[in-house]
Amino acid sequence: MPRAAAARSVAGMSTIWAAGDYHRFATTLVWHFGPELVEACSIAPGQRVLDVAAGTGNVALRAAEAGAIVTATDITPEQLSTGRREAEARGLEIDWIEADAQDLPFDDGAFDVVTSAAGAIFAPDHEAVARELTRVTRPGGTIGMTNFTPEGLASDFFGVFAPYAPPGPSPLDWGSEPRVRALLGDAHVELRRRDYVERVPGGPQGFVDFYRETFGPAAALFATIDAPQELERDFLAFAERANEGPPGGDAELRFEYLLVTARLPN
Ligand SMILES: C[S@@+](CC[C@H](N)C(=O)[O-])C[C@H]1O[C@@H](n2cnc3c(N)ncnc32)[C@H](O)[C@@H]1O
């Protein structure tokens, strides 16, 4: 199979996301998405919650802590195993199921709340994801997502990797206001534009090294391309121009995202 096709298949994507150390990445840089979605979706005890592309349980763990009955899905078994261990350590019960966001193995209307923190945006068929999120949410239920915006720094970030990776649909489409409204159809959609700072010791070089060690798509790309030194140069140039941190201090890069809550009609 050509490399592009392999990387775009669910199995290929899972291998990519298994590289690095996603739990270290998530707990260091994006662990705030979980509590934000629990609050934005008003997740309460007894509610049936599905976290899609859950990774190691950023939202799922927090929803279970809030008393919800939680199912976490992802295509990457390594993330699910880490999440399962994390839940056990916290004394939480969560169902961890390997599943593709484009084809969820659940009945129509099975959940009160369906969430995805910077997760389902990475599945290539955006319409299929939207259809599935909407299908498994009950009438009157809520979908909550955090989606990087095309106007924010994520656009420059993904632009660094684009020349080295197979082409595909942009995850940033989910951060476009008209596009996300169109994808979620007749739901009542609320959009809040927010930002957060990714802070990594060691300045821009520390930022590049941290991503290379922990973030699956970056780790996998560095390990497989012919000219990793060129990617390193481009990534470092990005980190230097985006860095808002003090000279000689931590790297501080500010990313923008849409906090999406969509209430389905009854
Ligand atoms: C940036 S991580 C986000 C994980 C988690 N939601 C969080 O906030 O830490 C993206 C996740 O999406 C998963 N993923 C990618 N494509 C997927 C798909 N088609 N279906 C389900 N999960 C997918 C990856 O395995 C990875 O765990």
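Visitor: What makes the space taken by the ligand a cavity rather than a pocket?

Guide: In this predicted model, the space taken by the ligand is the largest cavity. The word cavity is reserved for a set of grid points where a 1.4 Å probe fits but cannot get out, whereas a pocket is an open set.

Visitor: Which residues come nearest to the ligand, and what makes a residue count as near?

Guide: There are 20 residues around the ligand, and those that come nearest are Y22, A53, D74, T76 and A117. The criterion is that a heavy atom of the residue lies within 4 Å of the molecule.

Visitor: How do you know that Y22, A53 and D74 have polar atoms close enough to the ligand for a polar contact?

Guide: The cut-off for a pair of N or O atoms is 3.5 Å, and each distance can be set against it. A side-chain N or O atom of Y22 is 2.7 Å from an oxygen atom of the ligand, and for D74 a side-chain N or O atom is 2.6 Å from a ligand oxygen. With A53 the partner is a polar backbone atom, 2.9 Å from a nitrogen atom of the ligand. Taken alone, the ligand has 590 Å² of accessible area, of which the protein covers 98%.

Visitor: Why is A53 called partly exposed?

Guide: Its relative accessibility is 23%, and since partly exposed covers the range between 20% and 50%, A53 falls in that class. A53 is placed in the loop between strand 1 and helix 5 (58-65), and its phi is near 50°, a positive value in a residue other than glycine.

Visitor: What makes a positive phi worth pointing out?

Guide: Most residues other than glycine have a negative phi. S42 also has a phi near 50°, and this serine lies in the loop between helix 4 (33-40) and strand 1 (48-51).

Visitor: Why is S42 called exposed, and why is S176 called buried?

Guide: S42 has a relative accessible area of 54%, and exposed means over 50%, so S42 qualifies. S176 has 18%, and the limit for buried is under 20%, so S176 counts as buried. S176 is found in the loop between helix 8 (153-161) and helix 9 (177-183), and, leaving aside neighbours within four places in sequence, S176 is in contact with P150 and L258.

Visitor: Where is R181, and why is R181 called partly exposed?

Guide: R181 is in helix 9; its relative accessible area is 40%, and the class lies between 20% and 50%, so R181 is partly exposed. Not counting residues up to four places away in sequence, R181 touches V189 and L191.

Visitor: How do you know that D125 caps helix 7?

Guide: A side-chain oxygen of D125 lies 3.3 Å from the backbone nitrogen of E127, at the N-terminal end of helix 7, and the limit for a polar contact is 3.5 Å. Within helix 7 (residues 126-136), the buried residues are H126, A128, V129, A130, E132, L133 and V136, and they pack against strand 1, strand 4 (111-117), strand 5 (137-148) and helix 9.

Visitor: What makes the pair of E252 and R199 a polar contact?

Guide: The two side chains are 3.5 Å apart in this contact, and the definition asks for N or O atoms within 3.5 Å. E252 lies in strand 7 (residues 251-263), and its contacts beyond four places in sequence include V197, E198, R199 and A242.

Terms used
Residues numbered from 1 in each chain as written. Predicted model: local features only at pLDDT ≥ 70, side-chain atom pairs only at ≥ 80, totals over all residues. Heavy atoms only, no water. Helix = DSSP H or I, 4+ residues; strand = E, 2+ residues; numbered from the N terminus. Buried < 20%, exposed > 50% of the residue type's maximum accessible area, 1.4 Å probe, protein only. Contact = heavy atoms within 4.5 Å. Polar contact = N/O pair within 3.5 Å; in protein donor to acceptor, adjacent residues only side chain to side chain. Areas by Shrake-Rupley, 256 points an atom, 1.4 Å probe, with all protein chains shown as cover. 1 Å grid on protein atoms, 1.4 Å probe; cavity = no way out; pocket = protein on both sides within 12 Å on 5 of 7 lines; lining within 4 Å. Sits in = over half its atoms within 2 Å of the grid points.
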